[in-house]
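Hi everyone, thanks for making room for me today. I'd like to walk you through one model, so please have a look at it while I talk.

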Amino acid sequence: MGRWRDGFGELVVGAEGGEVRVPLEIASSYRARTKGLLGRDSVKGALLLSPANSVHTFRMRMAIDVAYLDRRLRVIAVRTMPPGRLGLPRVRARHVVEAEAGVMEGWGLRVGSRVQVINGSVGSAAEA
């Protein structure tokens with residue numbers, strides 16, 4: 001699996017009833033990761049921060065779901081964070097997926113799930 005570039009793609013979650021495809025914004029540059037979801041009232045789909053092992057919700061306008069992924073894109077933790085919080089760093093986490101609070105459960109994203117990232121701007125796929 002290579003490094004992603006800032007852009008758009010798809011997050012594929014292998015749920016029990018099949019797979020769920022979610023629009024994905026990829027933030028891999030320092031500038032894009034720093035901005036993240038700040039200043040937004042909502043997010044369509046999800047945001048992938050890579051590399052990352054922790055997040056905060058200071059100056060955010062909404063609660064978010066946060067999934068911490070290891071190097072093989074396996075979910076090691078899922079949390080819902082209200083605005084104004086600092087998430088603890090996850091030692092094994094290499095990537096973080098953020099979305100609006102409550103949606104990850106509907107996608108079937110839980111600890112142990114594996115995801116796939118399809119980078120639309122480059123046309124390549126990464127999966128462990």
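**A loop, its neighbours and a pocket**

Let me start with a single residue: L73 sits in the loop between β4 and β5, the latter covering residues 75–81. Its phi is near 65°, a positive value in a residue other than glycine. Keep in mind that this is a predicted model. As a reminder, most residues other than glycine have a negative phi, and most peptide bonds are trans. Is L73 buried or exposed? L73 counts as buried, because its relative accessibility is 0%, and the cut-off for buried is under 20%.

There is another residue to set beside L73. R59 is not a glycine either, and its phi is positive too, at about 65°. You will find R59 in the loop between β3 and β4. With a relative accessible area of 69%, R59 is exposed. So here we have a buried L73 and an exposed R59, each with a positive phi.

Now let me step back to the overall fold. The protein chain has two helices and eight strands. Reading from the N terminus, the order is β-β-α-β-β-β-β-α-β-β. The chain has 128 residues, and 43% of them count as buried. Take the contacts between residues at least 6 apart in sequence: 57% of these join residues at least 24 apart. As for the surface, the chain exposes about 7,000 Å², with carbon and sulfur atoms supplying 49% of that.

Back to the loop between β3 and β4, please. This loop runs between β3 at 46–49 and β4 at 64–69, and P51 lies in it. Which form does the peptide bond from S50 to P51 take, cis or trans? That bond is cis, with omega near 0°.

Who sits beside P51? The C-alpha atoms of S28 and P51 are 6.6 Å apart, although 23 residues separate them along the chain. S28 belongs to the loop between β2, residues 18–27, and α1. At 5% relative accessibility, S28 counts as buried. Leaving out residues up to four places away in sequence, S28 touches R3, W4, R5, D6, R33, S50 and P51. That means both residues of the cis bond are on the contact list of S28.

Let me move on to N53, also in the loop between β3 and β4. N53 counts as partly exposed, at 31% relative accessibility. N53 and P89 are 36 residues apart in sequence, but their C-alpha atoms are 5.4 Å apart in space. Beyond residues up to four places away in sequence, the contacts of N53 are Y68, L88, P89, R90, A93 and V96.

Two names on that list also meet each other. R90 lies over the face of Y68, at 5.1 Å from the ring centre. And how many aromatic pairs does a search of the whole structure find? The number is zero.

Last stop, the largest pocket. About 300 Å³ of space lies in it. Of the 17 residues lining this pocket, R33, T34, L49, S54 and H56 are the closest to its centre. Which element gives the largest share of the lining? Helix α1, residues 30–35, contributes that share with four residues. R33 is a name you have heard already, as one of the residues that S28 touches.

That's my tour. Thanks for listening, and I'm happy to take questions.

Conventions: Residues are numbered from 1 along each chain as its sequence is written. This is a predicted model: local features need pLDDT of at least 70, side-chain atom pairs count only at pLDDT 80 or more; totals for chains, interfaces and linings use all residues. Side-chain values use heavy atoms; hydrogens and water are left out. Rings of Phe, Tyr and Trp (its six-membered ring) pair if their centres lie within 6.5 Å; planes under 30 degrees apart count as stacked, over 60 as edge-to-face and the rest as tilted. A charge sits over a ring if NZ of Lys or CZ of Arg is within 6 Å of the ring centre and within 35 degrees of the ring normal. Buried means under 20% relative accessible area, exposed over 50%, partly exposed in between (1.4 Å probe, protein chains only). Contact means heavy atoms within 4.5 Å. Accessible areas come from the Shrake-Rupley method with a 1.4 Å probe; for residues, only the protein chains shown count as cover. On a 1 Å grid over the protein atoms alone, a cavity is a set of points where a 1.4 Å probe fits but cannot get out, and a pocket is an open set with protein on both sides within 12 Å along at least five of seven lines; lining residues have an atom within 4 Å of a point. Grid points are joined across faces, edges and corners, and a volume is the space filled by probe spheres set on the points.
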